[in-house]
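Q: Please take a close look at a single part of this model. I would like one connected account of how that part sits among its neighbours.

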Amino acid sequence: MQETKPKISVIIPVFNREKTISRAIDSVLSQTYPAYEIIVIDDASSDKTAKILQTYIHEIKIISLNLNSGVSAARNQGIAIAKGDWIAFLDSDDEWFKNKLELQVEYLKKHPEIVILQSDEQWIRYEKKVNPPRKYVKKGGEIFKNCLKTCIVGPSTILIKKSIFNEVGVFDESLPVCEDYDLWLRISAKYTIPLIDKKLINKYGGHSDQLSTTVPALDRYRVQSLEKIYYSLDLNPDQKKALLDELVLKLGYLYEGAKRRGEGDAFYKTKFEKFQTIRMSE
């Protein structure tokens with residue numbers, strides 16, 4: 001029987017990244033395992049991004065959005081039109097190593113039961129290689145509990161079977177940040193996420209337009225995700241306990257922070273007491 005090769009649709013959302021978008025696209029075009037298609041969603045860029053994309057018109061599929069709808073909407077647009085049976089995401093400021101897809105496909109051949117996997121990543125800050133903080137160190141396997149505190153799955157490292165989105169849903173467009181944290185939790189609650197313990201991408205950071213640096217109090221959105229997941233997913237007892245522990249912890253931090261700043265803390269106080277009671281009764 002002839003071996004079926006995965007058809008990989010690469011999705012690159014971009015907004016005002018004229019300085020980095022070519023680097024991202026070129027890193028896909030240079031892959032030793034070629035992508036089936038490259039879909040770039042221009043989320044209403046106002047700089048030279050659109051002009052740069054036109055130079056790749058014969059090599060990529062360009063989707064131009066009229067309104068800046070955010071990274072989740074852009075990625076979801078790409079998922080909806082992707083024709084491949086596997087999806088790989090690449091942030092427009094990141095860069096793949098040439099053998100990224102090849103090594104992931106080789107892993108899939110050896111483990112055909114796998115529906116999602118990630119790799120390690122090289123962090124680059126201000127043009128220098130750095131080691132990520134311990135809380136961001138990648139792990140593989142049954143990682144639901146590890147994903148509760150913060151996001152330890154890098155979107156640009158992921159290769160995922162497209163059909164999984166029919167089961168767990170796509171990126172939550174109501175979350176301005178932490179949308180990837182939310183999705184990986186929904187997936188890791190049901191599936192193992194293996195790790196190829198090799199750095200296969202350059203993850204760039206330190207620039208002023210990163211959402212993680214421009215949106216304050218990210219735990220507000222992690223709490224929103226955890227509360228939604230608690231009520232919507234059929235978690236096993238261990239998963240439910242771990243989620244409630246982390247939810248109460250984060251709500252406690254938000255409540256204490258609001259009190260220190262003299263802000264209205266009734267909202268977090270009510271939620272903190274509510275989920276503390278639920279945790280004690282589980």
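A: V14 stands opposite D42 in strand 2. That pair is a good way into the part chosen here, strand 2 (residues 37-42). Helices (H or I, at least four residues) and strands (E, at least two) are DSSP runs, numbered from the N terminus. The model is predicted, so local features need pLDDT of at least 70 and side-chain atom pairs pLDDT 80 or more, while totals for chains, interfaces and linings use all residues. Residues are numbered from 1 along each chain as its sequence is written, and side-chain values use heavy atoms, with hydrogens and water left out.

Begin with burial. In strand 2, 6 of the 6 residues are buried, so the rest of the structure largely encloses this strand. Buried means under 20% relative accessible area, exposed over 50%, and partly exposed in between, with a 1.4 Å probe and protein chains only. E37, I39 and I41 point one way from strand 2. I38, V40 and D42 point the other way. Both sets are buried, and both include an acidic residue: E37 in one, D42 in the other.

Now the partners. Strand 1 (residues 8-14) runs parallel to strand 2, and 6 bridges join the two. Two strands pair if DSSP finds at least two bridges between them. Besides V14 and D42, I12 of strand 1 stands opposite V40. On the other partner, strand 3 (residues 61-64), the pairing is again parallel, with 4 bridges to strand 2. There V40 stands opposite I62. V40 thus has I12 across from it in strand 1 and I62 across from it in strand 3.

Next, the connections. Strand 1, helix 1 (residues 21-29) and strand 2 form a β-α-β unit, and it is right-handed. From strand 2 the chain passes through helix 2 (residues 49-54) to strand 3, another right-handed β-α-β crossover. Right-handed means that, with the strands pointing away from the viewer, the path from the first strand over the helix to the second runs clockwise.

Step across to strand 1. Here 7 of the 7 residues are buried, so this strand too is largely enclosed by the rest of the structure. I8, V10, I12 and V14 point one way, and S9, I11 and P13 the other. Strand 1 also pairs with strand 4 (residues 86-89), in parallel, through 4 bridges. In that pairing I11 stands opposite F89.

Past strand 4 comes D93, in the loop between strand 4 and strand 5 (95-96). D93 counts as buried because its relative accessibility is 6%. Its C-alpha atom is 9.7 Å from that of E18, though the two residues are 75 apart along the chain.

What packs against strand 2 from outside the strands? The buried residues of helix 3 (71-81) do. They also pack against strand 1, strand 4, helix 6 (164-168) and helix 7; contact means heavy atoms within 4.5 Å. The buried residues in helix 3 are S72, A73, A74, R75, N76, G78 and I79.

Take N76 from that list. N76 lies in helix 3. At 9% relative accessibility, N76 is counted as buried. Its C-alpha atom and that of I41 in strand 2 are separated by 9.8 Å, across 35 residues of chain. Leaving aside residues up to four places away in sequence, N76 touches V170, F171 and E173.

Helix 7 (residues 179-188), one of the elements that helix 3 packs against, is mostly covered as well: 10 of its 10 residues are buried. Among them are the charged residues E179, D180, D182 and R186, along with Y181 and W184. Y181, D182, L185 and R186 in helix 7 meet R222, S225, L226, K228 and I229 in helix 9.

To sum up, strand 2 is buried along its length. Strand 1 and strand 3 run parallel to it, and buried residues of helix 3 pack against it.
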